[in-house]
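Reader: I'd like to go through the sheets in this one and ask what justifies each label. Could you take me through it?

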Amino acid sequence: MKLTVVGLNHQTAPLAIREQLAFTAANLPEALRDLNARAAAEAVILSTCNRSELYCVGDADQIVRWWADYHQLPEAEIRPYLYTHGCSDTVRHAYRVACGLDSMVLGEPQILGQMKDAVRTARHEGSIGTWLNGLFQKTFSAAKDVRTCTSVGDSTVSMASAGLKMAQQLLGDIKNLNILLIGAGEMIELVATYFAAAQPQNITVANRTLARASELCERLGANATPCLLNDLPHLLQQYDVVVSSTAAPLPIVGKGMMEHAMRLREGKPMFLLDLAVPRDIEAQVAEIDGVHLYTVDDMVEVVQNGKEARREAADAAEEMVAQKVEDFIEWQKSRQRVPLICALRDEGERARRQVLNNAIKQLAKGASPEEVLERLSVQLTNKLLHAPTRVLNKGSEDAPMLVDAVSQIYRLQHPQGTAWERA
């Protein structure tokens with residue numbers, strides 16, 4: 001068993017592939033349990049609009065096979081889009097993802113919260129143990145340090161702000177527009193904040209549960225109203241901008257629904273932004289006249305603004321990550337040495353107690369304290385030096401290495417040039 005990550009992201013796989021291999025919030029707990037039972041000793045699944053990654057303690061090939069089987073896809077069909085990393089590279093990858101260095105938007109902060117949510121879910125399902133717990137504790141600490149000590153997240157153009165800018169470019173002043181937000185999760189909350197600040201005519205939040213939509217509307221202000229997803233077919237034509245990001249496994253807005261809405265709008269254009277993976281809006285909707293449909297992948301060029309300004313900061317962040325990866329690996333090595341250190345100290349304690357008990361018995365028989373102390377010191381020295389002396393006297397092929405080790409442990413001058421060495 002070893003630490004590994006298997007994944008795909010916006011750089012290795014198109015949206016059509018990413019949505020097939022994604023995990024929704026609803027099925028994530030069950031997927032973790034199944035992965036933990038069938039392919040990995042420990043597991044954390046991170047699934048966002050731009051990436052799906054399985055951090056595991058296990059064999060990478062078995063994890064790939066599980067992933068393909070879970071989504072009922074041929075393994076050969078998905079392998080070209082996947083990347084796998086071994087132990088030290090997994091640590092580096094986790095650090096870079098948490099710091100936003102592997103994101104579509106360089107330095108974006110949302111991924112850290114998403115990673116924490118993934119770990120929280122894994123912990124709740126009992127699929128995380130010593131290895132992954134240690135990895136993510138150090139990962140979150142490293143991300144905090146990198147964001148504090150560098151400006152890698154400064155001037156970040158987010159999906160939300162980019163969506164607002166595109167809507168303005170296509171349809172004009174937001175103050176004259178009606179906005180529909182589908183979903184009430186973290187991404188929609190961020191989008192809602194940007195659009196609300198632009199003071200549109202009206203904002204409607206459509207969600208599966210009215211209570212969650214109402215909570216978001218209360219935070220947005222007086223011109224925000226909630227509704228249920230079931231109301232969309234009757235309301236869609238009222239909106240100029242639609243932004244959707246839910247965890248629904250199937251599209252919420254279909255081509256037929258949009259065709260009906262556009263007939264009622266009499267050709268008045270609509271801007272649709274689908275930030276969900278899997279997609280909330282059918283791809284065929286883009287074929288309808290007057291509809292401007294954009295997906296996560298369409299946002300790449302837009303969100304690159306400000307990227308060059310953060311490149312120097314990113315280089316500094318990469319250096320910090322490299323150092324923290326070394327620190328983590330050294331920390332793991334030290335943890336692996338702990339049982340040996342404990343065993344060595346236990347052996348020393350056993351020897352100490354044995355010679356101490358002998359000394360107490362000698363004192364009870366009337367021996368002089370000076371004689372007892374002398375005998376105790378000799379016995380204890382002999383016991384502690386017996387094992388290394390016996391190993392050195394064997395003269396095995398490892399003798400030179402053992403000589404170096406003993407010289408270093410006891411801080412002895414290396415006996416170079418002695419007769420036995422020249423023989």
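Author: Sure. Start with the pairing rule: two strands pair if DSSP finds at least two bridges between them. Keep in mind that this is a predicted model.

Reader: What makes β8 and β9 a pair, and which residue stands opposite Ser244?

Author: Strand β8 (residues 241–244) and strand β9 (residues 270–274) share four bridges in the parallel sense. The rule asks for at least two, so they count as paired. Opposite Ser244 you'll find Asp274 in β9.

Reader: How do you know which strands are at the edges of that six-strand sheet?

Author: Read the order, β7-β6-β5-β8-β9-β10, with parallel pairing in an open sheet. β7 (224–228) and β10 (291–295) each have a single partner strand, so one side of each has no neighbour in the sheet. From one strand to the next, the twist averages 15°.

Reader: What makes you say helix α8 packs on this sheet, and how is helix α8 directed?

Author: Contact means heavy atoms within 4.5 Å, and helix α8 (residues 159–171) touches β8, β9 and β10. The direction of helix α8 makes about 160° with that of β9; on a scale where angles run from 0 to 180 degrees, that is toward the upper end. Helix α10 (residues 210–220) packs on the sheet too, touching β6 (202–207) and β7, with about 170° between its direction and that of β7.

Reader: Now the four-strand sheet. Why are β2 and β4 called edge strands?

Author: The order in this open sheet is β2-β3-β1-β4, and the pairing is antiparallel. β2 (40–47) and β4 (83–85) each pair on one side only, and that is what the edge label refers to. On average, neighbouring strands here are turned by 15° against each other, direction ignored.

Reader: How do you know that β2 and β3 pair, and which residue is the bridge partner of Val44?

Author: There are seven bridges between β2 and strand β3 (residues 51–58), in the antiparallel sense. With at least two required, they qualify as a pair. Val44 has Tyr55 in β3 as its bridge partner.

Reader: Which helices pack on this sheet, and what do they touch?

Author: Helix α2 (residues 28–38) touches β2 and β3, and its direction makes about 150° with that of β2. Helix α5 (residues 87–98) touches β1 (3–9), β2, β3 and β4, at about 145° to the direction of β3.

Reader: What does UniProt place at residues 6–150?

Author: An unreviewed UniProt entry gives "domain: Glutamyl-tRNA reductase N-terminal" there. That span is 54% helix and 16% strand, with its end C-alpha atoms 29 Å apart.

Conventions:
Residues numbered from 1 in each chain as written. Predicted model: local features only at pLDDT ≥ 70, side-chain atom pairs only at ≥ 80, totals over all residues. Heavy atoms only, no water. UniProt positions renumbered as here; feature names shortened; annotations may be inferred.
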